[in-house]
Amino acid sequence: MGSHRNGLSKERFILSVDVGTTSIRCHVYDKEAKIKGSCATKVVSLYPEPGLVEMDPEALWQGFVIVVKGAVQDAGIHMRQVEALGISTQRSTFTTWDRKTGVPFHNFISWQDLRAAELVKSWNRSCTMKVIQGTMKVLHLLSRQKRFLAASLLVFSTQHVTFLIAILQNQLSEAVAEGNCCFGTVDTWLLYKLTKGLVHATDYSNASTTGIFDSYQMCWSGFLCSLVSLPLSIFPKMADQQAAMFGQCCFDTGDVKITMGTGTFMDINTGSKPHTSVAGLYPLVGWKIGSEVVYLAEGNAADTGTAINWAQELELFSDVQQTSAMAYSVPDSDGVCFVPSFSGLQAPLNDPKACASFMGLRPSNTKCHLVRAILESVAFRNKQLYETMLRETNIPINKIRVDGGVCTNDFVMQLTADLFGRKISRPQYCEMSCLGAAFVAGLGAGFWRSQEDLKKLQTTDKVFMPRGAAQPGRAAGHLNGEYIPVLQSWERAIRRSMNWYSKP
């Protein structure tokens, strides 16, 4: 029926694919940004050794092809009705391949991978880094240019590809010497495959997350690449978080987006200038449309959905939809604290050697107490990131919108609103990366005319209002009294979980 109805129609559509950490999803959008057809498949992560996280490049490509064909079929349309294709991808996940044959030299190395943690630590503590930071401080004092201030605060993390590439140098040395080694993030690999090897390129949003791109100069950093002898043969797609920001129509300075999926990513629109952070917020290129460049500052917590999935595998619950009701079924967590740190702790703590843990366990604890502690930890990490963002950027917040699978949990969202002391809006559809990539592709193709038109297409499922926000004298972000001792206990648990492993 659908095929007959749409097959000969002149109606046009936008196709958008989101290649995430756990799944690949494709949606077909109409002019009103309604989903007309969908298809999804799982991404299988590989764990060859503790701390190593990889993905099969060919499996990722095959998954991409499957969801595109499946979504078009589900929508009952023909490919000739597709006006444009938007692609959103996970960031800082990369591979290298043979320029002549297109065969990868190794699996994709995930943004969650910790194999470079020791090398990152040694570099951050090295005399070379101290000299670099000192030199940049002097240059900043003389020039007052923020890019020198950013360089003076330069700290490498395990999520930057720089030192992961350094670890692979011996394996790749022959291909690099012959000029036969292509480097690329997920978006680069997909574009390479889509064009049958004709195009080797990336975009600003993905490039700015690699740790080898100068967001101030909007070009690859020869200095950062030279640290690990990385060849600069690296050349619309969008990184997932920037796409989600665009999908949420966070176009104005002070707009905040929180994506809660495998990890939590909190982004604030900082306008036309990148933000320089001292606590681990990362300056990103949000998007470049025409001559306009929009920057974001981002903080993240790596183990949001990961912790909830782990609890499900332990059979603390059978259906993730049960967790909110389970948390509300008990008045508190009965003293239990959970530290969500399977992949270390990110900003503002920045400790890759922290361990995940339950603390304060007692015989009276039930599954509901444990589930509540896990969900509370998600909201507590949100609060840490939010306070860091407020303190560092000094940008007045306009609005806060959420997306990602975990945002469907009402307990997490209400507690987050309470801890922030601000209202938080949840969209009707939570897969914003896909929608954002569709918006960008649609604007480029003339399918939609302007960002103001996109704002009119926004839908809201629910607005979470902070409980007690209207109390006299209560400032925005002031913590509800009942949660002060709970949060203090959780912060003690965090401190005891830090520097746990001798190796990550």
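Biologist: Where does Asp56 lie in this model?
Modeller: Bear in mind that the model is predicted. Asp56 counts as partly exposed, at 34% relative accessibility. As for its place in the fold, Asp56 sits in the loop between β4 (54–55) and α2 (57–75).

Biologist: Thanks! Which residues does Asp56 touch, not counting residues up to four places away in sequence?
Modeller: A useful clue is that the C-alpha atoms of Asp56 and Asn107 are separated by 5.1 Å, although these residues are 51 residues apart along the chain. With residues up to four places away in sequence not counted, Asp56 touches Leu46 and Asn107.

Biologist: Happy to move on to helices. Are α11 and α16 roughly parallel or roughly perpendicular to each other?
Modeller: Helix α11 (residues 240–247) packs with helix α16 (residues 432–445), their axes 6 Å apart. Residues that meet there include Asp240 and Phe246 in α11, and Phe439 and Leu443 in α16. The packing angle is about 75°, and angles of 65 to 115 degrees count as roughly perpendicular. The two helices, α11 and α16, are therefore roughly perpendicular.

Biologist: Asp240 caught my eye there. With which residue does Asp240 form a salt bridge?
Modeller: Side chains of opposite charge can pair when their charged atoms come close. Asp240 is buried, with a relative accessible area of 12%, and its partner is buried too, at 9% relative accessibility. The closest N and O atoms are 3.5 Å apart, and the partner is Arg91.

Biologist: Nice. What is the N to O distance in the salt bridge of Lys257 and Asp267?
Modeller: Both Lys257 and Asp267 are buried. Their side chains meet in a salt bridge, with an N to O distance of 2.8 Å.

Biologist: And why are Glu452 and Lys455 separated by about one helical turn?
Modeller: These two form a salt bridge, with the closest N and O atoms 3.5 Å apart. Glu452 is partly exposed at 48% relative accessibility, and Lys455 is partly exposed at 24%. The separation of about one helical turn arises because Glu452 and Lys455 both belong to helix α17 (residues 451–455) and are three residues apart.

Biologist: How many residues of helix α8 are buried?
Modeller: Helix α8 spans residues 186–194 and is mostly covered. Among its buried residues are Trp189, Leu190 and Tyr192. Of the nine residues in α8, the number buried is seven.

Biologist: One last one, then: which residues make the nonpolar surface patch of about 280 Å²?
Modeller: One member is in helix α4 (residues 127–143), namely Val138. Val138 is partly exposed, with a relative accessible area of 44%. The patch is made by Val138, Leu139 and Leu142.

Note on methods
Residues are numbered from 1 along each chain as its sequence is written. This is a predicted model: local features need pLDDT of at least 70, side-chain atom pairs count only at pLDDT 80 or more; totals for chains, interfaces and linings use all residues. Side-chain values use heavy atoms; hydrogens and water are left out. Patches are made of residues with over 30% relative accessible area and no salt bridge: like charges are joined within 9 Å, nonpolar side chains (Val, Leu, Ile, Met, Phe, Trp, Tyr) within 5 Å. Accessible areas come from the Shrake-Rupley method with a 1.4 Å probe; for residues, only the protein chains shown count as cover. A salt bridge is a side-chain nitrogen of Lys or Arg within 4 Å of a carboxyl oxygen of Asp or Glu. Helices (H or I, at least four residues) and strands (E, at least two) are DSSP runs, numbered from the N terminus. Buried means under 20% relative accessible area, exposed over 50%, partly exposed in between (1.4 Å probe, protein chains only). Axes are lines fitted to C-alpha atoms, for helices over the stretch in contact, and angles run from 0 to 180 degrees between N-to-C directions. Angles under 35 degrees count as roughly parallel, over 145 as roughly antiparallel, 65 to 115 as roughly perpendicular and the rest as oblique. Contact means heavy atoms within 4.5 Å.
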